[in-house]
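I sat down with this chain today and a fresh page of the notebook. Here is what I looked up, entry by entry.

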Amino acid sequence: MKFFLDTANLEEIREAVSWGVISGVTTNPSLYAKTGGTLAGYEDHMRAICAVCDGLPVSAESCADTTEGMIEDGRRFARIAPNIVAKLPVCTEALAATHALAQEGISVNMTLVFTVPQALLAARAGARYISPFVGRFDDIAEDGVEQLSNVCAAIHNYDFGHEVEIIGASIRTPNHITQAALMGCDIATVPFAALKKAVKHPLTDRGLASFLEDWKKVEQA
Ligand SMILES: O=C[C@H](O)COP(=O)(O)O
């Protein structure tokens with residue numbers, strides 16, 4: 001399973017990329033708003049992310065509500081950098097936009113996917129990536145991991161005539177990462193804080209502390 005970083009924060013992206021574990025970045029309007037960025041500065045910000053990511057796929061989300069608007073955003077985003085991916089919310093307008101953009105060679109990440117039919121339709125329309133959300137199911141007391149597993153099973157059953165990868169999104173915990181990997185999800189997009197949590201384990205900390213303590217004895221001997 002590959003890791004994408006789910007953030008628009010350049011410092012977080014620079015740090016995670018330096019760890020050598022990141023295969024892409026996903027952003028959304030909420031994540032961009034958190035950076036304090038402006039509408040006018042959006043394209044420059046995405047250009048900076050693409051530069052840090054040096055060819056890795058970077059998702060930029062359209063806020064258009066018509067097919068034409070989404071196609072126009074997809075084309076505009078594609079001019080920012082060759083590694084940009086147009087992120088579109090699953091709906092009929094976006095299916096049509098995905099179909100058109102895919103024919104132009106522009107990759108689409110279809111987002112806000114919660115069901116198997118939505119995922120199948122996204123793949124049929126030509127989406128390169130499909131993003132089923134996990135944590136938001138958990139938020140409403142449903143099992144997000146089970147829903148992601150259903151999408152993975154259904155999508156991996158078929159050949160859509162183009163490459164399709166499932167991005168487990170709305171990933172919040174190390175257990176979400178574990179479950180996504182065990183079910184064979186292609187990618188998990190993980191916020192920086194959750195990625196840092198995933199590196200840690202109390203037994204690792206305890207083991208390291210005891211190794212360092214014992215090393216002092218070696219130095220003193
Ligand atoms: O845009 C996709 C994000 O992965 C959503 O994550 P969230 O549910 O934690 O906001």
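**Entry 1: a nonpolar patch**

I began on the surface, where Trp-19, Val-21 and Val-199 make up a nonpolar patch, with about 260 Å² of accessible area together. A reminder to myself before going on: this is a predicted model.

I then picked Val-21 out of the patch and placed it in the loop between α1 (10-18) and β2. Is Val-21 buried, partly exposed or exposed? Its relative accessible area is 37%, so I wrote Val-21 down as partly exposed; that class runs from 20% to 50%.

**Entry 2: the chain as a whole**

Next I stepped back for the overall picture. I noted 11 helices and eight strands in the secondary structure of the chain. Along the principal axes, the C-alpha atoms fill a box of roughly 75 × 40 × 30 Å. Of the 221 residues in the chain, 45% are buried.

**Entry 3: Asn-28 and its contacts**

I moved on to the loop between β2 (22-26) and α2 (29-34), which is where Asn-28 sits. Asn-28 has a relative accessible area of 15%. Buried means under 20%, so Asn-28 goes into my buried column.

Which backbone nitrogens did I find by the side chain of Asn-28? The backbone nitrogen of Ser-30 is 3.0 Å from a polar atom of that side chain. For the backbone nitrogen of Leu-31, the distance to a polar atom of the Asn-28 side chain is 2.7 Å.

**Entry 4: Thr-189 and its partner**

Thr-189 was my next stop, and I found it in strand β8 (residues 187-190). With a relative accessible area of 2%, Thr-189 is buried, because the cut-off for that word is under 20%.

What does the side chain of Thr-189 join up with? I found a polar contact of 2.5 Å between the side chains of Thr-189 and Thr-26.

**Entry 5: a patch of negative charge**

Last, I went back to the surface to look for charge. Asp-138, Glu-142, Asp-143 and Glu-146 come together there as a patch of negative charge.

I took Asp-138 as one of this group to check further, and helix α7 (residues 135-139) is its place. Asp-138 has 32% relative accessibility, so I listed it as partly exposed.

**To keep in view**

If you open the model beside these notes, try these stops: the nonpolar patch with Val-21, the side chain of Asn-28 with the backbone nitrogen of Leu-31, the pair Thr-189 and Thr-26, and the negative patch that includes Asp-138.

Note on methods:
Residues numbered from 1 in each chain as written. Predicted model: local features only at pLDDT ≥ 70, side-chain atom pairs only at ≥ 80, totals over all residues. Heavy atoms only, no water. Patch = residues over 30% accessible without salt bridge, like charges linked within 9 Å, V, L, I, M, F, W, Y side chains within 5 Å. Areas by Shrake-Rupley, 256 points an atom, 1.4 Å probe, with all protein chains shown as cover. Salt bridge = Lys/Arg side-chain N within 4 Å of Asp/Glu carboxyl O. Lys, Arg positive; Asp, Glu negative; His and termini not counted. Charge placed at Lys NZ, Arg CZ, Asp CG, Glu CD. Helix = DSSP H or I, 4+ residues; strand = E, 2+ residues; numbered from the N terminus. Buried < 20%, exposed > 50% of the residue type's maximum accessible area, 1.4 Å probe, protein only. Polar contact = N/O pair within 3.5 Å; in protein donor to acceptor, adjacent residues only side chain to side chain.
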